[in-house]
Amino acid sequence: MNELNEKASMEIYHKTIPNESGSRHFLARAIRLSNEEDHFKIILGFYSVDEIIKKEQEIELQKDIIEGLGKVYFSVLAVELDKDRVLSYRESGENGKIISDFCRKCGNRWSKIIPSYAKMMVSDSTNGEFEKQLGLEALRLQEEDYSLTYEFKSKTGIKYYQVRVAYVKKKDGTRMAVVGTRNIDSLIKKERMQEEMLKKAYAAAENANKAKTEFLNNMSHDIRTPMNVILGYNQLMKAQLTEPKQLDYQKKIEQSGKLLLAIINNVLDMAQIESGKMKVDENYEIVGEVVDEIISTFASEAEERGIHLSGSMQVTHRNILCDGTKIREIYVNLVSNAIKYTPRGGNVTITIEELPCEKEGYIKIKAEIKDTGIGMSKEYLPTLFEPFSREHNTTIGKVGGTGLGMPIVKKMVDLMGGSLEVESELGKGTIFTVTLMHKIADKKYYSRKIETVEESDRGENLRGKHVLLAEDNDLNAEIAVTVLEETGLVIERVEDGIQCVNRIEQMASGTYDLILMDIQMPNMDGYQATQCIRHLNDKKKAEIPIIAMTANAFAEDRKRALDAGMNGHIAKPIDIEKLGAVILSGFI
């Protein structure tokens with residue numbers, strides 16, 4: 001109190017000791033009432049300053065927040081939406097000063113700042129949208145939890161900015177929009193670099209995919225050409241054989257060749273399976289015939305290896321609609337592996353069983369391929385269906401393989417909506433169980449005569465017709481000529497597309513009734529030759545039926561042939577019955 005000797009009043013700040021409710025803040029004020037030398041009277045009052053302290057702390061916190069935002073945004077403005085008034089909390093650099101200048105010139109009214117700024121500073125192509133998104137009325141209409149990020153270009157179009165808007169509701173119920181603006185040139189440049197990198201990566205992937213497609217197409221062509229010769233000569237040989245045993249050999253060669261072709265088709269289509277382009281192609285099949293084919297195909301190999309191969313079937317509905325090619329490949333892979341990994345004296349058993357199906361008009365077929373072979377370890381089983389996966393003991397046992405068989409089987413089963421299970425134990429053998437659901441074939445598939453032209457009628461329709469064959473491979477040409485001449489067709493052959501076009505141009509209209517066109521030929525391919533013929537001035541020559549007969553067998557090859565102006569497409573190796581039907585359709 002000695003200080004009051006010299007002062008009329010004095011203030012003392014006091015903070016209470018913290019308790020459960022926290023500390024309290026007081027301000028004590030003492031006022032001296034008399035100036036007597038030895039004594040005086042004072043009035044002492046205590047005032048709570050909690051609210052003042054709290055407000056000061058909030059102001060400090062706001063300053064800290066604005067300071068932090070200022071490190072990112074060169075301008076941070078608070079817009080009082082109800083009063084159309086702008087408070088500039090912070091600005092930095094030249095860009096921040098520009099915005100502050102606009103605020104002052106427009107009387108700190110947001111309704112005038114935005115149109116003025118848009119006209120003077122924002123790119124002409126976006127200034128209308130800028131004003132629409134950030135105008136006073138647009139901000140007033142938004143909900144309390146609304147936030148906006150808007151990017152725009154400068155008037156010159158060489159700088160990029162970003163505006164962030166967030167809302168704050170004040171204690172008095174009014175709303176305030178906090179608007180931050182920052183330069184994002186570095187972000188845009190980074191995005192453009194990433195975009196450019198993505199474009200390059202996409203182009204590289206496209207080129208790689210194109211190279212893969214070309215490789216598969218070339219491989220398909222190169223494999224199918226000798227397969228056409230093998231199956232073609234085998235078919236021609238059939239007519240010369242009379243001894244039952246030789247006919248049996250011929251039949252097995254034909255069956256094995258067709259199965260090999262089916263495998264080739266599906267291996268080459270592996271990429272299409274992975275990309276989702278391959279679809280299930282359902283046709284009429286008889287369950288027993290498919291199984292008999294598989295057993296017949298592997299019977300000789302099993303006998304040579306001293307393995308007992310047997311099959312049993314308990315199926316009521318044998319006539320089904322399914323993708324026979326894929327099912328055959330599944331069985332071929334599983335039975336082939338079973339024989340490959342079963343030692344002499346072992347057993348391989350194929351069991352086919354019909355299961356009840358909850359879907360009306362459908363059945364479930366469970367196929368079990370069981371062997372008494374070397375088996376697989378529990379550790380290896382989880383990786384069985386991974387591409388190129390092989391267990392070490394197969395190498396020790398000197399059993400060859402690519403490691404693609406099981407992944408292909410798995411993908412085929414998944415594609416058809418089935419299930420594939422495996423049980424195996426080292427030294428005891430393996431059981432693969434495939435369960436697939438198939439539609440039961442309608443009676444019309446197997447009770448009525450197939451609506452195709454009878455052989456005698458076909459021969460009469462084809463006899464005497466003149467066909468121009470464009471084929472560069474001598475063996476394929478020999479097979480095609482021999483087969484087609486047996487149907488009564490008159491065949492002439494040229495060796496490439498140029499010769500084909502020249503022959504059509506030189507000969508009189510009506511000389512040829514149809515052209516069988518190979519695709520991959522020297523000098524001019526089949527597509528180019530077809531287009532040249534389609535553009536001939538002689539309408540009758542230009543409209544001659546043209547059928548692609550080619551080793552280019554993918555779906556895209558068929559489409560490309562039709563797009564080039566051809567009337568049909570048949571893939572090598574040639575199925576004589578299908579070829580005759582396709583040729584006949586060209587005359588109809």
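**Exercise 1.** Is L489 buried or exposed, and what is its relative accessible area?

*Solution.* The structure is a predicted model, and the position of the residue in the chain is the starting point. L489 lies in the loop that joins helix 15 (474-486) to strand 17 (490-494). The next step is to compare its relative accessible area, which is 5%, with the cut-off for burial, under 20%. L489 is therefore buried. A further step looks at a partner remote in sequence: V467 is 22 residues away from L489 along the chain, while the C-alpha atoms of L489 and V467 are 7.0 Å apart in space.

**Exercise 2.** Determine how helix 3 and helix 4 are oriented relative to each other, and describe their contact.

*Solution.* Begin with the geometry: helix 3 (residues 110-121) and helix 4 (residues 127-134) pack with an angle of about 165° and a distance of 9 Å between their axes. Angles over 145 degrees count as roughly antiparallel, and helix 3 and helix 4 are therefore roughly antiparallel to each other. The crossing of helix 3 with helix 4 is right-handed. Turning to the residues, helix 3 contributes W110, I114, P115, Y117 and A118, which meet N127, F130, E131 and L134 of helix 4. Sorted by class, the residues of this contact comprise seven nonpolar, one polar and one charged.

**Exercise 3.** Carry out the analysis for helix 9 and helix 10, and then characterise helix 10 by its span and burial.

*Solution.* Helix 9 (residues 287-304) packs against helix 10 (residues 324-340) at an angle of about 30°, and their axes are 10 Å apart. Since angles under 35 degrees count as roughly parallel, helix 9 and helix 10 are therefore roughly parallel to each other. Their crossing is right-handed. On the side of helix 9 the contact is made by V290, E293, I294, F298, E301 and A302, and on the side of helix 10 by I327, R328, Y331, V332, V335, S336 and I339. The classes represented in this contact are nine nonpolar, one polar and three charged residues.

For helix 10 itself, the 17 residues reach 24 Å from the first C-alpha to the last, close to the 24 Å expected at 1.5 Å a residue. Helix 10 is also mostly covered, with 14 of its 17 residues buried.

**Exercise 4.** What percentage of the residues in the protein chain is buried, and how many helices and strands are there?

*Solution.* The protein chain has 20 helices and 20 strands, and of its 588 residues, 39% are buried. Among contacts with a separation of 6 or more, 62% are between residues 24 or more positions apart.

Technical notes
Residues are numbered from 1 along each chain as its sequence is written. This is a predicted model: local features need pLDDT of at least 70, side-chain atom pairs count only at pLDDT 80 or more; totals for chains, interfaces and linings use all residues. Side-chain values use heavy atoms; hydrogens and water are left out. Axes are lines fitted to C-alpha atoms, for helices over the stretch in contact, and angles run from 0 to 180 degrees between N-to-C directions. Helices (H or I, at least four residues) and strands (E, at least two) are DSSP runs, numbered from the N terminus. Angles under 35 degrees count as roughly parallel, over 145 as roughly antiparallel, 65 to 115 as roughly perpendicular and the rest as oblique. A crossing is left-handed if the near helix is turned anticlockwise from the far one by less than a right angle, and right-handed if clockwise. Contact means heavy atoms within 4.5 Å. Ala, Val, Leu, Ile, Met, Phe, Trp, Tyr, Cys and Pro count as nonpolar, Asp, Glu, Lys and Arg as charged, and the others, Gly among them, as polar. The expected span of a helix is 1.5 Å times one less than its number of residues. Buried means under 20% relative accessible area, exposed over 50%, partly exposed in between (1.4 Å probe, protein chains only).
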